[in-house]
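Got a minute to look at a fold together? Have the sequence and the 3D view open, and let's go through some questions.

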Amino acid sequence: MEEKKTKGGKYVPEIKGTLRNHMIEVPSVIRNASGIKVFGKRLKSFLFTTDVAIIKNTNADAIIAVYPFTPQPVITEALMMAADVPVFCGVGGGITTGKRVVNLALDAEFKGALGVVVNNPTPNEVITKMRSVIDIPIIVTVVSEYEDFEARINAGSTIFNVSGAKNTAKIVRAIREKYKEFPIIATGGPTEESILETIEAGANAITYTPPSNGDIFSSLMNKYRNAFQEER
């Protein structure tokens, strides 16, 4: 089936199939972001998940796969095999520190990750060591407007990933006042209004957290039950 949607006065043909029609679509307002060009690919929307079923069924430009456990190469490999869009893998920096982070980053690059993500506690010395051995972007998580951004940049950070909950737009604004062109990814929040606020504050790309696999399945099962009741 072919549909047409209007974007900036131009028709955009859209192709959908029967089986692939049910997917996680990121909010369209994210298209207002400038995007970040990484190795020739312009990325505006990052889906925050490690669920391979969701990764395989989304229209997001890229995946940002960070999880609250020690990163493992077998997980990175599974994510890379499932995705047909660029993947930015978490390699630690919080619970996992030191040389292990550097080794995990190198392994992620070898497995095909387009970038690596480190948690906020990561020391600048570790970022510098990572920069000396990998050629892909290093995304450093930012949680406060009072962080030493210049030190992070000098250490080798490529992109900031702002995750400040309700203060995210405020943090993005603070970074943008000092660094007009440094790449920023940021969480957009739960509404189109909060996403747009974050973009207007200066974020180049937005991370979107999808509903869980369980929530999606629950909604689908309720639909099946309701249909069954109507038939009776």
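Q: In what order do the eight strands close into a barrel?
A: Strands here are DSSP runs of E, at least two residues long, and helices are runs of H or I, at least four, numbered from the N terminus. Two strands pair if DSSP finds at least two bridges between them. The pairing in this barrel is parallel, and the order is E5-E6-E7-E8-E9-E10-E11-E12.

Q: How much are neighbouring strands of this sheet turned against each other on average?
A: Axes are lines fitted to C-alpha atoms (for helices, over the stretch in contact), and angles between N-to-C directions run from 0 to 180 degrees. With direction ignored, the average turn between neighbouring strands is 25°.

Q: Which residue in E12 stands opposite serine 45?
A: Look at strand E5 (residues 45-48) and strand E12 (residues 205-208), which pair in the parallel sense over three bridges. Opposite serine 45, in E12, you'll find isoleucine 206.

Q: What angle does the direction of helix H6 make with that of E11?
A: H6 covers residues 168-178 and packs on the sheet. It touches E9 (138-142), E10 (159-162) and E11 (184-187), where contact means heavy atoms within 4.5 Å. Its direction and that of E11 make about 165°.

Q: How far can you trust the fine detail, and what kind of model is this?
A: Residues are numbered from 1 along each chain as its sequence is written, and side-chain values use heavy atoms, with hydrogens and water left out. Local features need pLDDT of at least 70, side-chain atom pairs count only at pLDDT 80 or more, and totals for chains, interfaces and linings use all residues, as this is a predicted model.

Q: What share of the 232 residues counts as buried?
A: Buried means under 20% relative accessible area, exposed over 50%, and partly exposed in between (1.4 Å probe, protein chains only). By that cut-off, the buried share of the protein is 43%.

Q: Is phenylalanine 39 buried, partly exposed or exposed?
A: It's found in the loop between strand E3 (36-38) and strand E4 (41-43). Its phi is near 50°, a positive value in a residue other than glycine. Most residues other than glycine have a negative phi. With a relative accessible area of 49%, phenylalanine 39 is partly exposed.

Q: And alanine 165: buried or exposed?
A: This alanine 165 is in the loop between E10 and H6. Its phi is also a positive value, near 55°. At 66% relative accessibility, alanine 165 counts as exposed.
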